[in-house]
Amino acid sequence: MKALWKPLAITLLALFLVACSKVTPANFEKIQEDMTRQQVVEILGEPADVSSASLLGFSGGTATWRHGKTVITVRFVNDKVVSKQIDTAAATSAY
């Protein structure tokens with residue numbers, strides 16, 4: 001019986017961590033224009049993908065978060081949110 005306890009506990013912990021994704025429509029709604037990248041990371045966690053560029057004193061980039069079929073993309077200019085988009089299996093919404 002003890003031999004079964006440890007694998008079961010590890011499996012339950014893994015399922016709990018997967019179920020606690022921050023990439024949700026509710027967290028997407030918390031993201032507002034002019035938030036910093038760090039503020040967005042506090043809401044969604046570290047992004048899966050990041051791209052950036054800089055030109056004539058402006059820096060910009062895109063960060064993408066994924067969980068299952070949900071994808072959240074946030075665009076930044078000079079470290080501030082300028083737009084956000086969420087794609088899910090049921091709907092697509094852009095702001």
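**Core, sheet and surface of the predicted model**

In the largest nonpolar core, which has 15 residues, the members that touch the most others are Ile31, Val40, Leu44, Trp65, Ile72, Val74 and Val81. Two or more residues of this core are supplied by each of helix 3 (37-44), strand 2 (58-67), strand 3 (70-77) and strand 4 (80-87). Helix 3 provides the largest share, with four residues. The structure is a predicted model, and local features are reported where pLDDT is at least 70.

The surroundings of one core member, Val81, were examined further. With neighbours within four places in sequence left aside, the contacts of Val81 include the residues Ile31, Gln32, Glu33, Asp34 and Met35. Val81 is also in contact with Val40, Val74, Arg75 and Phe76. Of these, Val40 and Val74 are, like Ile31 and Val81 themselves, among the core residues that touch the most other members. Phe76 is in addition linked to Val81 through strand pairing, Val81 being the bridge partner of Phe76 in strand 4.

The protein as a whole contains three helices and five strands. Read from the N terminus, the order of these elements is α-α-α-β-β-β-β-β. Among the 95 residues of the protein, 25% are classed as buried. Of the contacts with a separation of 6 or more, 30% are between residues 24 or more positions apart.

Strand pairing was followed from strand 1 to strand 4. Strand 1 and strand 2 run antiparallel and are joined by seven bridges. One of the pairs involves Ser51, whose bridge partner in strand 2 is Thr62. These two strands make a hairpin with two residues between them, and Leu56 in the turn has a positive phi of about 50°.

Strand 2 continues the pairing with strand 3, in the antiparallel sense and over eight bridges. Arg66 has Val71 as its bridge partner in strand 3, and Gly60 is partnered by Val77 in strand 3. Strand 2 and strand 3 likewise form a hairpin with two residues between them; here the turn holds Gly68, with a positive phi of about 60°.

Between strand 3 and strand 4, which run antiparallel, there are seven bridges. A hairpin is formed here as well, with two residues between the strands and a positive phi of about 50° at Asn78 in the turn.

Salt bridges were searched for across the whole structure, and two were found. Side chains of opposite charge can pair when their charged atoms come close. In one salt bridge, the side chains of Arg66 and Asp49 meet at 2.3 Å, N to O. Arg66 belongs to strand 2 and Asp49 to strand 1 (residues 49-55), so this pair ties together parts that are 17 residues apart in sequence. Arg66 is partly exposed, at a relative accessible area of 48%, and Asp49 is partly exposed as well, at 35%.

The other salt bridge is formed by Glu46 with Arg37, and the closest N and O atoms of this pair are 3.9 Å apart. That distance qualifies because the cut-off for a salt bridge is 4 Å. Glu46 is exposed, with a relative accessible area of 58%, whereas Arg37 is partly exposed, with 27%.

At the surface, the protein exposes about 6700 Å², of which carbon and sulfur atoms supply 63%. A nonpolar surface patch is made up of Leu55, Leu56, Phe58, Val77 and Val82, which together have about 530 Å² of accessible area. Several of these residues also appear in the description of the strands. Leu56 is the residue with positive phi in the turn between strand 1 and strand 2. Val77 is located in strand 3 and is the bridge partner of Gly60. The relative accessible area of Val77 is 35%, so Val77 counts as partly exposed. Val77 can therefore take part in the patch, for which a residue needs over 30% relative accessible area.

Key: Residues are numbered from 1 along each chain as its sequence is written. This is a predicted model: local features need pLDDT of at least 70, side-chain atom pairs count only at pLDDT 80 or more; totals for chains, interfaces and linings use all residues. Side-chain values use heavy atoms; hydrogens and water are left out. A nonpolar core is a set of buried Ala, Val, Leu, Ile, Met, Phe, Trp, Tyr and Cys residues joined through side-chain atoms within 4.5 Å. Buried means under 20% relative accessible area, exposed over 50%, partly exposed in between (1.4 Å probe, protein chains only). Contact means heavy atoms within 4.5 Å. Accessible areas come from the Shrake-Rupley method with a 1.4 Å probe; for residues, only the protein chains shown count as cover. Patches are made of residues with over 30% relative accessible area and no salt bridge: like charges are joined within 9 Å, nonpolar side chains (Val, Leu, Ile, Met, Phe, Trp, Tyr) within 5 Å. Two strands pair if DSSP finds at least two bridges between them.
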